[in-house]
There are 4 protein chains.
Amino acid sequence: MTIARRLRLGMVGGGRGAFIGAVHRIAARLDDQYELVAGALSSDPQRARESAAELHIPGDRSYSDFRVMARQEAARADGIDVVAIVTPNHLHHPVARAFLDAGVHVICDKPMTRTVEEAEDLVDAVAASGRAFVLTHNYTGYPMVRQAREMVLAGELGAIRTLQVEYAQQWLTEGGRPGAWRTDPARSGAGGSVGDIGTHAFNLAEFISGLSCTELAAELTSSVTERPLDDNAHMLLRFAGGARGALWTSQVAPGNENALRIRIYGEAGGLAWEQESPDRLLHSPFGQTSRVITRGSAAAGPAAARARRIPAGHPEGYLEAFAQLYRDAAELIRSRSENRKANADTALLPDVHDG
Amino acid sequence: MTIARRLRLGMVGGGRGAFIGAVHRIAARLDDQYELVAGALSSDPQRARESAAELHIPGDRSYSDFRVMARQEAARADGIDVVAIVTPNHLHHPVARAFLDAGVHVICDKPMTRTVEEAEDLVDAVAASGRAFVLTHNYTGYPMVRQAREMVLAGELGAIRTLQVEYAQQWLTEGGRPGAWRTDPARSGAGGSVGDIGTHAFNLAEFISGLSCTELAAELTSSVTERPLDDNAHMLLRFAGGARGALWTSQVAPGNENALRIRIYGEAGGLAWEQESPDRLLHSPFGQTSRVITRGSAAAGPAAARARRIPAGHPEGYLEAFAQLYRDAAELIRSRSENRKANADTALLPDVHDG
Amino acid sequence: MTIARRLRLGMVGGGRGAFIGAVHRIAARLDDQYELVAGALSSDPQRARESAAELHIPGDRSYSDFRVMARQEAARADGIDVVAIVTPNHLHHPVARAFLDAGVHVICDKPMTRTVEEAEDLVDAVAASGRAFVLTHNYTGYPMVRQAREMVLAGELGAIRTLQVEYAQQWLTEGGRPGAWRTDPARSGAGGSVGDIGTHAFNLAEFISGLSCTELAAELTSSVTERPLDDNAHMLLRFAGGARGALWTSQVAPGNENALRIRIYGEAGGLAWEQESPDRLLHSPFGQTSRVITRGSAAAGPAAARARRIPAGHPEGYLEAFAQLYRDAAELIRSRSENRKANADTALLPDVHDG
Amino acid sequence: MTIARRLRLGMVGGGRGAFIGAVHRIAARLDDQYELVAGALSSDPQRARESAAELHIPGDRSYSDFRVMARQEAARADGIDVVAIVTPNHLHHPVARAFLDAGVHVICDKPMTRTVEEAEDLVDAVAASGRAFVLTHNYTGYPMVRQAREMVLAGELGAIRTLQVEYAQQWLTEGGRPGAWRTDPARSGAGGSVGDIGTHAFNLAEFISGLSCTELAAELTSSVTERPLDDNAHMLLRFAGGARGALWTSQVAPGNENALRIRIYGEAGGLAWEQESPDRLLHSPFGQTSRVITRGSAAAGPAAARARRIPAGHPEGYLEAFAQLYRDAAELIRSRSENRKANADTALLPDVHDG
């Protein structure tokens, strides 16, 4: 069955003032593939209701209990096709289970779960459900990240030898800063900066290189005495096939706002990309001049072309990259409903196995 | 009357494959203040209908004649609140007139009209209608452009002495390239690069400096023999109060994708901004080190804060800046309906007088 | 006669504390082609003597009168081969005449003279003397400037259409700043910023493009009431063959230390160079990605290779570029003594006709 | 005894075509504190003689045996004050010993020796000789490196937490490239990229931070099968006081010419410096905007001011930084001869203990 209409989207978490919930909604809206029709935006009923009203969600589709939402939406003829999970980390697993079990596709913020046991359970649940599970490793949605991956896989760098990847922020530089659940092991899981942002860096290294990291040695530090979780980490990485790398993640590096960067070097060339200037990819073919491949330029290949909206020189950013995952997820969900092969980009979507 | 719902938006122009129409729609969607419910997307009925269907516009609200659309939408209880005009330049005037006369607010792509006569007529029509008229000089929606303006107006640069503004592209470097209506005087108006992009540069200089250009000397060039309109222009500018400047616009400058840049210098400091790295504003207070003000950082003031969506380090781009005008226009339209003072940012909206 | 030894250099001007005199001496020393053996470093005898002693110039070759110096040095068997003139502008002409008439080669700081009459007189004097006259338009000594010229002349940009050149500084931003003879018309000549730095920008545009500027329209401004000379200027330029350009020069642009920049665009590509990052030349062949040509890389051609000292990645700067003119001048002077053709780079030396 | 004259310099190694020897000579010449009067430029007598002649060294002071040179120069009334050692690494120790034993000051290229035993022997020899021993860790001569050190020691960053340092090159990317003695363990010592460039990075981290590295974990890689030494290395570093860091060094990273970079973060701010843009230091005080401190600007403190030659905006580079060590070494040598305290900058000179 072809779904000509927009996909019906529900959301769990993301009530008033929540950052990532708002981002997911913009991402869903940007390419006009979804309409938000239901939500359990808060476990507090009044806050849930008020948040829903602001988002033009009908009152009867505002829930405070995600299990009730899963059940009732699954029972409606016009029920949601897909749910976006944007709760604190410890709820990712139970919410995902509830919706998968109800036959609803899932788009889940990262990290997928807090524990390996939960992760394995989710792998099974996804398999049993036959539903799509998309994990929003959102940085993989940038056109030039996909361009980089495409170039590496096409052999333009030759065999990969070295990867330098880092994700630096400054916001935890001072002690005493709340940081809410992100620095609380119970809600955030065992990783501090490693879990919060290191996962993005690690994922990016594997995504672009197409290589699996097989061994690592890490040094985790907490710079502020009273902070229970790491806020800085250095790692040595070994990849299948012999490539070596290093990863640095920090939330105590003044001057770094959201500095996710990767450099990757092979026998025949190098690539460098920085999230804060996402439209540019530096390519250094060995023995030639370095060249700047821009999003939308002729030098950018088909993978980048499919992940952009506007021409070269008109900057796209974080929201567009996030929207790309929603765009690809829509294609994946539609293809299942229509019983056809999904397009190639859906293979780039992080799924339950990446989680 | 408070409009709690989304504003109902119509569109004239912007059928399949049109670039700027798609941009307007994304901009309207991004902040969730509008829903697109009607359109005369093409003057060809079938193309109009097919384009409308793709955008989930009901069949009975797809028009091929903008005058019919204006009349019928004005007559509906659920008629559009506002129309977005994204046609070729020569239609801006008649379409705007039709909707203003029907009592519909107007958001119009630039340049406003082809001739001074049309422009003056529109000024009168807006005044008579009591409706909002917003001209999408979209680069004024960038947070750091607003930050720059705010700093200049607050006197942080002292009296302005010098402005360097430029807008360089490369796409007309080779002759024989179609360029469609943009290089056709009948449809585009008398200006080539000057009208197409020079207007943005000129507007930006006045917007940030708060100064009016009172005199100019220009040299317009057509680099390709068969091209009837200018593709490169240099200008000397004089501003009220004594500031001097230069403007360069070119569509034959290889290596420049969409390089709109401005530098402005006063007695006490300088500012520099580039559209291709829109989240950064370089501020050089005289006698001190230059500093980089980033969108979302503590150094960015309230004007920038109101024009952003996500924190520092997460890039925003062209679509977000465009959406900002739609966001501000929504506030302006709502405030009129609600008979209240609009917020301060609406004063930044380019209107019929800027046109 | 082959001069295997170092060339014997004299200097007029450049006593204690003088900036440009010290620069000339370092430039002369860098490539080990000169030894400084005589000087009229000041018109004040004691200051001349003390300055000379610090520079290891023998007491009997320290002069306070340049005419005496010219006469006596010309008479010595071990007299100077060449004199460097680093006095205030108004002395350039009489000093150059004195040494040319005495048969001594001349290296002269720019601007060559204050008036056209002086300039024409010098042209004649050089012709009559048979001596080399080198004007230190020092920015032409940068390897990547020579690379740019070589690429333009080889046709890599196709026919040139547009030049943007600028030279911005900040040091005269505040009024009341002395600026000594540079803002005094009697000693500096009729041009303020135009004469002091605009000449460099203008010269660079002609040097790289190989084109002569045939017409210009200029607006000169003095930003500070009590300042008699311009401190900011905008110009429209027309070049032989039809290229158009703009020049901006300013000494009241906060944040600009010594920002000499040029961009040049032709039918087939563009180039951009900035003096503050002199080892990099951005090349944008139309239709391809922009590439960064670095000094010492394989992409840099023979002209750049002959003008560098150390490998790629080891920055060279202002002193090395200045030394390049001394290196080339040494070759020119030796070739005359040896009655042989000088190497190709000597053709790049600014001479009395450039002045 | 005051040495008003230039210091008499000898050189061992550095014959025709040698890179680092030429660099040492330029560095010695730049500030006019030395004259080169003797040399054992090659162990091949004819090559030594021809090289000497090109450098205007008198024939009787050209040697082919460094031991003879040490003995004979020490015996002359006008013998050399100081020797520069620019031989392959395995000769550093015997040459240094020979001249120290003869009472001659030593300036030695790095790495100091191949083995710990040699290093300890040299420490003793220096102590016994009473002569200056300067190791040319030349990157410490950059004004902005000294500025960084000064800021860190003044506490502007607070307690240091994290250091990221790297030195990347590309020249060994391809196998089969000779690389001469640098990839030959017998002549180069046990370290490949680690010894050749990693030592610079390591030294820079300690120099700027003022911290000693107490522990490290390293992974060394040889990317090309037939290469006996490492060409890429990643290290985790622990510093006294608790700071953590990472070091990456590579000679197989395409696109990197000579990319020595350091970033250092403390409780109160961060600094970033790149050797290829040496005149700029990025300072990020926490909670404020990042600012660019340029060499020669008012924001640069006394340490930078003493290590520069020309004003802001006129780039200095590698040769000037190298010359700084020669300038400081001249002061150190003169102060000993004059029996006075040397100036503060001499404390920055790398000595036998750094080696």
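## Close-up views of a predicted model

**View 1. A loop residue of chain D with a positive phi.** D:His56 sits in the loop that joins helix 2 (45-54) to helix 3 (66-75) of chain D. Please keep in mind, here and in every view below, that this is a predicted model. What is the sign of phi at D:His56, a residue other than glycine? The value is positive, with phi near 65°.

**View 2. Where chain D meets chain A.** Let us start with the overall picture of this interface. On the chain D side, 38 residues take part, and they are in contact with 38 residues of chain A. The size of an interface is often given as the accessible area lost when the parts come together. For chain D and chain A, the buried area is about 2900 Å², and 56% of it lies on carbon and sulfur atoms.

**View 3. Charged and polar partners between chain D and chain A.** How many salt bridges does the rule find across the interface of chain D and chain A? There are 6 salt bridges. To see a salt bridge in detail, look for D:Arg238 and A:Glu219, whose side chains meet with a distance of 2.5 Å from N to O. Polar contacts can be counted here too: 14 residue pairs, with both residues at pLDDT 80 or more, link chain D and chain A in this way.

**View 4. The side of chain D that touches chain A.** Several strands of chain D each give two or more residues to this side: strand 6 (160-168), strand 7 (213-221), strand 8 (232-239), strand 9 (244-250), strand 10 (259-266) and strand 11 (269-274). Which strand of chain D provides the largest share? Strand 8 does, with 6 residues. Sorted by character, the residues on this side of chain D are 13 nonpolar, 16 polar and 9 charged.

**View 5. The open parallel sheet of chain C.** Strands of a sheet pair through backbone hydrogen bonds, either parallel or antiparallel. In chain C, an open sheet of 5 strands shows parallel pairing, and the strand order is 2-1-3-4-5. Why do strand 2 (34-40) and strand 5 (133-135) of chain C each have one side without a neighbour in the sheet? They stand at the edges and each has a single partner strand, so one side of each is left free of a neighbour in the sheet. On average, neighbouring strands of this sheet are turned by 25° against each other, with direction ignored.

**View 6. Strand 1, strand 3 and helix 1 of chain C.** Strand 1 (residues 7-12) and strand 3 (residues 82-85) of chain C pair in the parallel sense over 4 bridges. To find a bridge by eye, start at C:Met11 and look for its bridge partner in strand 3, C:Ala84. Helix 1 (residues 19-30) of chain C lies across strand 1, strand 2 and strand 3, and it runs at about 175° to strand 1 of chain C.

**View 7. The open parallel sheet of chain D.** Chain D has an open sheet of 5 strands with parallel pairing, in the order 2-1-3-4-5. Its edge strands are strand 2 (34-40) and strand 5 (133-135), each pairing on one side only. Strand 1 (residues 7-13) of chain D pairs with strand 2 of chain D in the parallel sense over 6 bridges. D:Val12 has D:Ala40, in strand 2, as its bridge partner.

**View 8. Cis peptide bonds in chain A and chain B.** The bond from A:Lys110 to A:Pro111 is cis, with omega near -5°. A:Pro111 belongs to the loop between strand 4 (105-108) and helix 5 (116-129) of chain A. In chain B, the peptide bond from B:Lys110 to B:Pro111 is cis, with omega near -5°.

Terms used. Residues numbered from 1 in each chain as written. Chains lettered and ligands numbered in written order. Predicted model: local features only at pLDDT ≥ 70, side-chain atom pairs only at ≥ 80, totals over all residues. Heavy atoms only, no water. Contact = heavy atoms within 4.5 Å. Buried area = accessible area lost by both parts, 1.4 Å probe. Salt bridge = Lys/Arg side-chain N within 4 Å of Asp/Glu carboxyl O. Polar contact = N/O pair within 3.5 Å; in protein donor to acceptor, adjacent residues only side chain to side chain. Nonpolar A, V, L, I, M, F, W, Y, C, P; charged D, E, K, R; others polar. Pairing = 2+ DSSP bridges. Axes fitted to C-alpha atoms, helices over the stretch in contact; angles between N-to-C directions.
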